Amino acid sequence: MSGFSVTFRLDWSEVSSAFQRLAYVMADTTPITRAIGTGLVTSTQDRFDDEISPDGAAWAPLNPVYAAGKRGAGILRERAMRGGLQGSITYRAARAEVEVGSNKIHARVHQDGAVITPKGGGRLVFRLGNRVVHARSVTIPARPYVGISSDDQVMILDVVEGGLARALGSGPSSGRLR
């Protein structure tokens with residue numbers, strides 16, 4: 001080269017070390033998927049309190065006669081594992097996925113809605129308020145609670161970015177600034 005030139009010599013040891021730390025984290029991502037699972041359980045349980053679906057739509061209101069006679073939190077909002085759907089929300093984390101849901105038999109009915117009909121073709125008989133109802137079917141509207149909201153998407157990205165930043169030595173616990 002004639003004229004003027006500058007030679008740069010790069011020390012790749014820090015870059016190589018960062019890639020090694022990144023490979024280590026990516027070999028087992030279950031700590032990240034567990035953190036995502038914990039966040040999704042919390043937001044799913046919060047949807048019961050807010051009575052909204054993951055997309056922010058309000059749940060269908062309860063039948064007013066049923067709501068007037070309802071005592072306590074009911075089968076949806078009981079927080080502890082004593083029977084309530086809200087308290088039964090759990091997650092299972094694996095290397096590449098997180099599963100969020102409930103083992104309650106009525107979980108799908110509340111997520112997707114259902115039409116309940118009598119087994120024998122007769123009528124359903126149940127008490128609603130102070131009267132006995134005989135019905136050919138009962139429709140339970142969907143009240144979706146499991147899913148990924150826009151806030152959940154942000155949380156997931158934050159968890160993944162935070163895990164990678166820590167692995168690369170630039171996260172909050174690394175002592176270095178980003």
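**Figure 1. Arg47 in helix 2 of the predicted model.** Arg47 sits within helix 2, which runs over residues 30-50. The residue is buried because its relative accessible area is 4%, under the 20% cut-off. A polar atom of its side chain lies 2.8 Å from the backbone oxygen of Gly147. Setting aside residues up to four places away in sequence, Arg47 touches Ile52, Ser53, Pro54 and Trp59. On the same terms, Arg47 also touches Tyr145, Val146, Gly147, Ser149 and Asp152.

**Figure 2. Helix 2 from end to end.** The helix has 21 residues. At 1.5 Å a residue, the expected span is 30 Å, and the end C-alpha atoms are 30 Å apart, so the two values agree. Its buried residues include Thr30, Ile32, Thr33, Ile36, Gly37 and Leu40. Val41, Ser43, Thr44, Gln45, Arg47 and Phe48 are buried as well. An α-helix has 3.6 residues a turn, so residues three or four places apart point the same way.

**Figure 3. Glu51, just after helix 2.** Glu51 lies in the loop between helix 2 and helix 3, the latter spanning 64-69. Its phi is positive, about 55 degrees, although the residue is not a glycine. Glu51 counts as partly exposed because its relative accessibility is 39%, between the cut-offs of 20% and 50%.

**Figure 4. Helix 6 and its cover.** Helix 6 covers residues 150-168, 19 in number. At 1.5 Å a residue, they should span 27 Å; the end C-alpha atoms are 27 Å apart, so expectation and model agree. Asp152, Met155, Gly162, Gly163, Ala165 and Ala167 are buried in this helix. Helix 1 and helix 2 are among the elements that cover these buried residues. One of the buried residues of helix 6 is Asp152, which is also in contact with Arg47. Gly169 follows helix 6 and has a positive phi, near 85 degrees.

**Figure 5. A nonpolar patch on the surface.** Phe4, Val6, Phe8, Leu10, Trp12, Val15 and Phe19 make up this patch. Its area is about 890 Å². Trp12 belongs to the segment before helix 1, a helix that runs over 13-27. With a relative accessible area of 52%, over the 50% cut-off, Trp12 is therefore exposed.

**Figure 6. His134 in strand 5.** Strand 5 spans residues 131-135 and holds His134. The residue is exposed because its relative accessible area is 52%, over the cut-off of 50%. His134 and Arg123 are 11 residues apart in sequence. In space, their C-alpha atoms are 5.9 Å apart. Leaving out neighbours within four places in sequence, His134 is in contact with Arg123, Leu124 and Val125.

**Figure 7. The setting of the close-ups: the protein as a whole.** The protein has six helices and six strands. Along the sequence, they follow the pattern α-α-α-α-β-β-α-β-β-β-β-α. Of the 178 residues, 26% are buried. Among contacts with a separation of 6 or more, 56% join residues 24 or more positions apart. The accessible surface comes to about 12,300 Å². Carbon and sulfur atoms account for 56% of that surface.

Key: Residues are numbered from 1 along each chain as its sequence is written. This is a predicted model: local features need pLDDT of at least 70, side-chain atom pairs count only at pLDDT 80 or more; totals for chains, interfaces and linings use all residues. Side-chain values use heavy atoms; hydrogens and water are left out. Patches are made of residues with over 30% relative accessible area and no salt bridge: like charges are joined within 9 Å, nonpolar side chains (Val, Leu, Ile, Met, Phe, Trp, Tyr) within 5 Å. Accessible areas come from the Shrake-Rupley method with a 1.4 Å probe; for residues, only the protein chains shown count as cover. A salt bridge is a side-chain nitrogen of Lys or Arg within 4 Å of a carboxyl oxygen of Asp or Glu. Helices (H or I, at least four residues) and strands (E, at least two) are DSSP runs, numbered from the N terminus. Buried means under 20% relative accessible area, exposed over 50%, partly exposed in between (1.4 Å probe, protein chains only). A polar contact is a pair of N or O atoms within 3.5 Å; within protein, one must be able to donate a hydrogen and the other to accept it, and residues adjacent in sequence count only if both atoms are side-chain atoms. Contact means heavy atoms within 4.5 Å. The expected span of a helix is 1.5 Å times one less than its number of residues.
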